[in-house]
Amino acid sequence: MAKNMSFVLLFDLYGKLLSPRQYEAFDLYYNEDLSLGELAEILGVTRQGVLDNIRTAEKKLLDYEEKLGFAKKQNKYSLIIAEILETIDNNPPSKEVISKIREALISFD
């Protein structure tokens with residue numbers, strides 16, 4: 001099974017919403033890079049049981065993102081911050097620029 005590393009960000013955001021078994025299987029598989037066989041031995045289930053837990057966790061993480069959209073918002077904010085930093089790098093930090101930065105940062109509250 002090929003690992004889709006975009007799930008790691010979703011796990012960081014929504015992992016605590018998974019069942020304890022799904023959380024543990026996902027964490028050990030993605031973050032500790034254990035094989036399905038190693039996980040089966042640790043968790044005391046079959047390789048298929050491990051795979052089912054991981055796939056269910058992935059589906060739930062995608063569902064949470066679809067409903068809540070935190071990863072999408074985080075990406076949007078990262079792009080805005082990068083734009084602000086580029087503006088600072090390309091322009092002397094005048095009072096006007098500083099004021100725009102403050103306004104932008106306050107809008108995130």
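A residue is called buried here when its relative accessible area is under 20%, exposed when that area is over 50%, and partly exposed in between (1.4 Å probe, protein chains only). By that yardstick, buried residues make up 29% of the 109 residues in the chain. What you see is a predicted model, in which local features need pLDDT of at least 70, side-chain atom pairs count only at pLDDT 80 or more, and totals for chains, interfaces and linings use all residues. Residues are numbered from 1 along each chain as its sequence is written, and side-chain values use heavy atoms, with hydrogens and water left out.

**View 1. The whole chain, with six helices and zero strands.** Helices (H or I, at least four residues) and strands (E, at least two) are DSSP runs, numbered from the N terminus. Following the sequence, you meet the pattern α-α-α-α-α-α. The radius of gyration is 20 Å, well over the 13 Å that the globule rule gives for 109 residues, so the chain is more spread out than a compact globule. This radius is taken over C-alpha atoms, and the rule is 2.2 Å times the number of residues to the power 0.38. Along the principal axes, the C-alpha atoms fill a box of roughly 65 × 25 × 20 Å. Of the contacts (heavy atoms within 4.5 Å) with a separation of 6 or more, 59% come from residues 24 or more positions apart.

**View 2. Aromatic rings in pairs.** Rings of Phe, Tyr and Trp (its six-membered ring) pair if their centres lie within 6.5 Å; planes under 30 degrees apart count as stacked, over 60 as edge-to-face and the rest as tilted. The structure holds seven such pairs. One of them, Tyr-14 with Tyr-64, is tilted, at 6.0 Å centre to centre and 45° between the planes. This pair links distant parts of the chain, since Tyr-14 sits in helix 1 and Tyr-64 in helix 4 (residues 47–68), 50 residues apart. Tyr-14 is buried because its relative accessible area is 1%. Tyr-29 and Tyr-30 have ring centres 5.2 Å apart and planes at 85°, so their pair is edge-to-face. Both Tyr-29 and Tyr-30 are buried, and they belong to one aromatic cluster with Phe-7, Phe-11, Tyr-23 and Phe-26.

**View 3. Gln-22 and its contacts.** Gln-22 lies in helix 2 and counts as buried because its relative accessibility is 7%. Neighbours within four places in sequence aside, Gln-22 is in contact with Asn-53, Thr-56, Ala-57 and Lys-60.

**View 4. Two loop residues, Ser-19 and Asp-33.** Ser-19 is found in the loop between helix 1 (6–14) and helix 2 (20–31). With 26% relative accessibility, Ser-19 counts as partly exposed. Its C-alpha atom is separated by 13 Å from that of Arg-55, 36 residues apart along the chain. Asp-33 is in the loop between helix 2 and helix 3 (36–43). Although not a glycine, Asp-33 has a positive phi of about 60°. Asp-33 is exposed because its relative accessible area is 57%.

**View 5. A nonpolar patch on the surface.** Leu-9, Leu-13, Leu-17, Leu-68 and Phe-70 form this patch, with about 420 Å² of accessible area together. Leu-13 belongs to helix 1 and counts as partly exposed, at 33% relative accessibility. Patches are made of residues with over 30% relative accessible area and no salt bridge, with like charges joined within 9 Å and nonpolar side chains (Val, Leu, Ile, Met, Phe, Trp, Tyr) within 5 Å. A salt bridge is a side-chain nitrogen of Lys or Arg within 4 Å of a carboxyl oxygen of Asp or Glu. Accessible areas come from the Shrake-Rupley method with a 1.4 Å probe; for residues, only the protein chains shown count as cover.
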